Amino acid sequence: MTWNEFYQALKAKDIAPVYLFTGPEAYIKREALEALRAALLPPGLEALNDATLEGVTAQQITDACETMPMMCEKRIVTVRDWAPLMPGKAKNEEADAEWMQKWLENPPETCALVFYMCSDMDGRKKMATLLKKKAVVVDFQLLTDAELTRWCARRLKPLGKRIDPAALNTLTYMAGRELTRLAGELDKLADFLGNDREEITEADVRAIVPASLEYNVFELLNHLLAGDWMKGQQTVNSLLQGGQTTMGILAMLTRQIRQLTHMKCALDAGTPVQTVQNQLKMHPYAARQTARQCAKLSADWLTALYEKCVEYDYAVKSGRLRDKDALDVLVIEIALAGKSKR
């Protein structure tokens, strides 16, 4: 079930006895849990009929679920990041799974139980397999482009603002697609505009929004491919001063060069940018910029550069080269290649 389908079922008062909330979109996941609470719990009775559990056994979960609600029809029990669903071996995991399997055959109608996953679930676990069969699984995936556009419009409407499509594209690339951060950035942008303007532009986004590591590494590569070692080194220093690690920058730089190589090979073979974007699961902004970056580069040179990145990564991880030395050498080599107009 998607989160949209969950809201439709909630509107129709079709409430399941057991839910599994999973997926990376934390903001809507939290909102969905609050919507379920609001649908079940009368105002003023929330504290009496709402339990949130962590680090508990299966019996403790079922005991909480079998507690009768106070002055309402149902109570809600939320179990956050339950160990038998998480990666790694949990204490008494088999016994907990067996207990829960029996209980799930006939859960009480007086409770809605929500297994709420903030972290990634291990789908291979026995408990995960059981819940996929016995619970209503709500998968909170990141929003599509169309959903994100509608969500941003709804978010900005009470503030009397709107966002230009190009600005939204840049915003989601700089800040990511996770709504918790986007909500904060939209609020800041609305404050930045004040009463002077209604529309948020791309220039506003670039002026206000702190760039993600991915975006900064993209800009770093732009400088280096233009042969501008000095600006590239300034970007590296800025990232390090901002708390990024040398290995993190090296990893993202390697990832971007890998994407450049894939993009160049695909474009040379006549594959449209949109197809490559979908195959590599790239952000539209990143796909267009990657296609632009690799336009004047040869596939052979990019392949050789990517192989060198892998070689440096192995040298660092095997202890033959310091991470800072690997990053410094790679930055110089890309800048020299940029100067030679390869």
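Which helix does R288 lie in? Keep that in mind for point 1, and remember throughout that this is a predicted model.

1. **R288.** Look for helix 15, which covers residues 284–293: R288 lies in that helix. R288 is partly exposed, with a relative accessible area of 45%. If you want a distance to try out in your viewer, pick the C-alpha atoms of R288 and L336: they are separated by 24 Å, and the two residues are 48 apart along the chain.

2. **The sheet.** Now find the five strands that make up an open sheet. Reading across it, the order is 2-3-4-1-5, and the pairing is parallel. Which strands stand at the edges? They are strand 2 (50–53) and strand 5 (136–139). Each of these has a single partner strand, so one side of each has no neighbour in the sheet. On average, and with direction ignored, neighbouring strands of this sheet are turned by 20° against each other.

3. **One strand pair up close.** Strand 2 pairs with strand 3, which spans residues 75–80. The two run in the parallel sense, and the pairing goes over four bridges. For an example you can click on, take T52: its bridge partner in strand 3 is T78.

4. **Cysteines.** How many disulfides does the structure hold? The count is zero. C65 is a nice one to check: the closest cysteine sulfur belongs to C111, and the gap is 3.9 Å. A disulfide needs the two sulfurs within 2.5 Å, so the C65 and C111 sulfurs are too far apart for a bond. C65 counts as buried, at 0% relative accessibility. C118 is in no disulfide either, and the nearest cysteine sulfur to it, that of C65, is 18 Å away. C118 is partly exposed, with a relative accessible area of 41%.

5. **A helix pair.** Finally, have a look at helix 11 (residues 213–225) and helix 12 (residues 229–241). Their axes come within 7 Å and cross at roughly 160°. Angles over 145 degrees count as roughly antiparallel, and helix 11 and helix 12 are therefore roughly antiparallel to each other. The crossing of helix 11 and helix 12 is left-handed. Who makes the contact? From helix 11 it is L213, N216, V217, L220, H223 and L224. From helix 12 it is W229, K231, G232, T235, V236 and L239. Try colouring the two sets separately and turning the model around.

Methods. Residues are numbered from 1 along each chain as its sequence is written. This is a predicted model: local features need pLDDT of at least 70, side-chain atom pairs count only at pLDDT 80 or more; totals for chains, interfaces and linings use all residues. Side-chain values use heavy atoms; hydrogens and water are left out. Buried means under 20% relative accessible area, exposed over 50%, partly exposed in between (1.4 Å probe, protein chains only). Two strands pair if DSSP finds at least two bridges between them. Axes are lines fitted to C-alpha atoms, for helices over the stretch in contact, and angles run from 0 to 180 degrees between N-to-C directions. Angles under 35 degrees count as roughly parallel, over 145 as roughly antiparallel, 65 to 115 as roughly perpendicular and the rest as oblique. A crossing is left-handed if the near helix is turned anticlockwise from the far one by less than a right angle, and right-handed if clockwise. Contact means heavy atoms within 4.5 Å.
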